[in-house]
Amino acid sequence: MAQKFILFIAITFFPAIVLATNYIVGDEMGWTVGVSYEDWAEGKTFFVGDTITFNYHQGQHNVVKVDGKGFQSCQEEPNNGILTTGADAITLATPGNKWYICSFGYHCESGQKLKITVYDSMAPIPTPTPPPAPMPWPIPEPAPSPWY
Ligand SMILES: [Cu+2]
């Protein structure tokens with residue numbers, strides 16, 4: 001919780017540090033059975049504009065977008081589109097919860113499922129205001145004009 005609060009502060013006051021990130025789901029393990037994607041997603045914060053890529057052996061797995069119910073029950077929803085290339089990159093377009101499962105065999109039941117929460121990215125990066133120029137010091141006195 002404290003971590004999220006600090007992040008909130010960071011993105012509120014330092015929006016320039018927020019850049020689009022490409023995540024490889026499962027890192028070097030890829031998208032497969034026997035990896036905890038809950039652990040993988042733990043501590044990561046996903047923003048609109050970030051990309052997540054599912055790498056796997058084509059024909060052995062797939063990526064199906066589901067809702068929370070489909071995630072719980074491992075029920076695929078083919079209408080949402082099934083990704084099958086083996087290197088499926090998804091750009092996170094909207095904030096909110098996203099759920100992905102593999103619909104091969106009992107892969108989802110065995111834990112090949114990913115839930116992430118996507119946060120709104122910040123508005124366009126504002127140009128930083130330059131600090132005010134320091135006052136010249138000492139202020140030079142105008143030279144007295146000659147009086148004669
Ligand atoms: Cu699978």
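The following paragraphs lead through the structure from its overall make-up to its sheet, its core and a few single residues.

The model is a predicted one, and its protein chain contains three helices and eight strands. Followed along the sequence, these elements come in the pattern α-β-α-β-β-β-α-β-β-β-β. Of the 148 residues in the protein chain, 18% count as buried. Among the contacts in the protein chain with a separation of 6 or more, 72% are made by residues 24 or more positions apart.

A good place to begin is the sheet that holds strand 3. This is an open sheet of three strands in the order 1-3-6, and its pairing is mixed. Strand 1 and strand 6 are found at the edges, and because each has a single partner strand, one side of each is left without a neighbour in the sheet. On average, and with direction ignored, neighbouring strands of this sheet are turned by 20° against each other.

The mixed pairing can be followed strand by strand. Strand 1, which covers residues 22-24, pairs with strand 3 in the parallel sense over three bridges, and here Asn22 stands opposite Thr51 of strand 3. Strand 6, made of residues 87-91, runs antiparallel to strand 3 and is joined to strand 3 by five bridges. Within this second pairing, Thr53 stands opposite Ala89 of strand 6, while Phe54 has Asp88 of strand 6 as its bridge partner.

Which side chains of strand 3 are buried, and which are not? Along residues 51-55 the side chains alternate, so to speak, between two faces: Ile52 and Phe54 point to one face and are buried, whereas Thr51, Thr53 and Asn55 point to the other and are not.

From the sheet we can turn to the nonpolar core. In soluble globular proteins, nonpolar side chains tend to be buried together. The largest nonpolar core in this model has 16 residues, and Val25, Trp31, Val63 and Ile101 are the ones that touch the most other members. Two or more residues of this core are given by each of strand 3, strand 4 (63-66), strand 7 (96-101) and strand 8 (113-119). Strand 4 provides the largest share, which is three residues. If residues up to four places away in sequence are left out, Val63 touches Trp31, Phe54, Leu83, Asp88, Tyr100 and Cys102. Two of these names have appeared before, since Phe54 and Asp88 are bridge partners between the strands of the sheet.

Some single residues also deserve a look. Asp27 lies in the loop between strand 1 and helix 2 (37-41), and its phi is near 50°, a positive value in a residue other than glycine. Is Asp27 buried or exposed? Asp27 counts as exposed because 10 other C-beta atoms lie within 10 Å, and a residue with 12 or fewer is placed in that class.

Cys74 is likewise not a glycine, and it has a positive phi of about 60°. Cys74 is found in the loop between helix 3 (68-73) and strand 5 (82-83). With 18 C-beta neighbours inside 10 Å, Cys74 is partly exposed, because 20 or more would be needed for a residue to be buried.

Finally, Phe47 belongs to strand 2 (residues 46-47) and is partly exposed, because 17 other C-beta atoms lie within 10 Å. Phe47 and Gly96 are 49 residues apart in sequence, yet their C-alpha atoms are 9.6 Å apart in space.

Technical notes:
Residues numbered from 1 in each chain as written. Predicted model: local features only at pLDDT ≥ 70, side-chain atom pairs only at ≥ 80, totals over all residues. Helix = DSSP H or I, 4+ residues; strand = E, 2+ residues; numbered from the N terminus. Pairing = 2+ DSSP bridges. Axes fitted to C-alpha atoms, helices over the stretch in contact; angles between N-to-C directions. Core = buried A, V, L, I, M, F, W, Y, C linked by C-beta atoms within 7 Å. Contact = placed C-beta atoms within 7 Å.
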